[in-house]
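Me: I'd like a close look at one part of this model, and then at what surrounds that part. Could you take me through it in one go?

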Amino acid sequence: MKADLFIDDRNLGGLPDWGVIYEMVKEKKTVSATETPQLEGYDLLWSDEFDGQTMDETKWNYEPHEPGWTNNELQEYTTSTDNVFVRDGKLVLKALKTTKDGQDYYTSGKVTGQNKTDFMYGKVVVSAKVPEGQGLWPAIWMMPQDESYYGQWPKCGEIDIMESLGKDTTISYSTIHYGEPHAEQQGTVTMTGADSFSARFHEYSVEWEPGEMRFYTDDVLVLTVNDWFTAEEGQDDKPYPAPFNQPFFVQMNLAVGGNWPGNPDATTDFDNAEFEIDYVRVYQKPEYDTNVQKIVKGLVLLGAVTFDLVSKRKKK
């Protein structure tokens, strides 16, 4: 938890110097650092509690992009502190609606850990609160450090720890993408009323191991996946557990519009279009068994006994 505000005893004549106090609060010198908790069976690899005054650029990159860069999204991702900033111990990604050349124009924030906090295998834990509003699309997800290693998406793999749509923030999605051809597996959680994903902070996590991934929301298991694949189209699959046997990085963004959420409308409240992240914590086990195999549908003959092994591979 974040520490309580502490005001020192500088004063004039025994009375508080409110000017000094104001400056101290404004400069956030009174917020103590958060101690990242340990997890049994894991070592802390890195974390960001967002206790500073600005985003820590030793851990995160701004990732600017023009509108329409992907998924027909409307926003420009910028490096502006109007779109990406730290406030009250939280990273805020804020979508803004303006005008440009007489047309509605949207800006927002996206940050990545690429080439700064990449890792292979571990547990990622993120606490966040999503914004409400038609056309808003917050996401916490992971991509490979070298997207070309197995080939461009979806061959490279994608790990979506959390996505939610602003038009219905009672649902959270956890998904992995892989292939060629493209395939995905997805789990969902529904929480309503005061427990919705826009009403309060929730904790999202993934345990990524060589042969299996497990996704959780508030420590409740949402999805288990252990049968992915990747291949060049028309060729045999790459050896399992490709493509998820390479370094990935965490990224977070707040998209506006696009194929999945649809575009914003008159009901979208951009004054409150803020994706808030309280912390990001990445842990690793001391070691992982990388000698893993995928169960494939077929018949395996052992002596006089035949076993039917079932694969859960899902193609789209």
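How many bridges join strand 4 to strand 10, and do these strands run parallel or antiparallel?

Reply: Happy to! First, this is a predicted model, in which local features need pLDDT of at least 70 and side-chain atom pairs count only at pLDDT 80 or more, while totals for chains, interfaces and linings use all residues. Residues are numbered from 1 along each chain as its sequence is written, and side-chain values use heavy atoms, with hydrogens and water left out.

Now to your strands: 2 bridges join strand 4 to strand 10 (residues 110-112), and the two run antiparallel. Strands here are DSSP runs of E with at least two residues, numbered from the N terminus, and two of them pair if DSSP finds at least two bridges between them. Within this pairing, tyrosine 62 stands opposite valine 111 of strand 10.

The pair belongs to an open sheet of 7 strands, ordered 4-10-19-12-13-14-15 with antiparallel pairing. Strand 4 (61-62) and strand 15 (183-190) are the edges; each has a single partner strand, so one side of each lacks a neighbour in the sheet.

Just past strand 4, glutamate 63 sits in the loop that leads to strand 5 (75-77). This glutamate 63 is buried, at a relative accessible area of 16%; buried means under 20%, exposed over 50% and partly exposed in between, with a 1.4 Å probe and protein chains only. The side chain of glutamate 63 makes a polar contact of 2.9 Å with that of histidine 65 and another, also given as 2.9 Å, with the side chain of lysine 110. A polar contact is a pair of N or O atoms within 3.5 Å, where within protein one must be able to donate a hydrogen and the other to accept it, and residues adjacent in sequence count only if both atoms are side-chain atoms. Setting aside neighbours within four places in sequence, glutamate 63 is in contact (heavy atoms within 4.5 Å) with Trp69, Tyr77, Lys110 and Thr112.

Further along the sheet order comes strand 19. The largest nonpolar core has 52 residues, of which Leu91, Met142, Met252 and Ile277 touch the most other members, and strand 19 (residues 248-256) gives the most to this core, with 5 residues. Such a core is a set of buried Ala, Val, Leu, Ile, Met, Phe, Trp, Tyr and Cys residues joined through side-chain atoms within 4.5 Å. A second, separate core of 5 residues includes Ala139, Trp141, Met143 and Phe249. Beyond four places in sequence, the contacts of methionine 142 include Phe119, Trp208, Phe248, Phe249 and Val250.

Strand 14 (residues 168-178) brings in an aromatic link. Of the 15 aromatic pairs in the structure, one joins tyrosine 173 and tryptophan 260 edge-to-face, at 4.9 Å centre to centre with 70° between the planes. Tyrosine 173 lies in strand 14 and tryptophan 260 in the loop between strand 19 and strand 20 (274-284), so the pair ties together parts 87 residues apart in sequence. Tyrosine 173 is buried at 15% relative accessibility, whereas tryptophan 260 is partly exposed at 31%. For pairing, rings of Phe, Tyr and Trp (its six-membered ring) need centres within 6.5 Å; planes under 30 degrees apart count as stacked, over 60 as edge-to-face and the rest as tilted.

Key:
Helix = DSSP H or I, 4+ residues; strand = E, 2+ residues; numbered from the N terminus.
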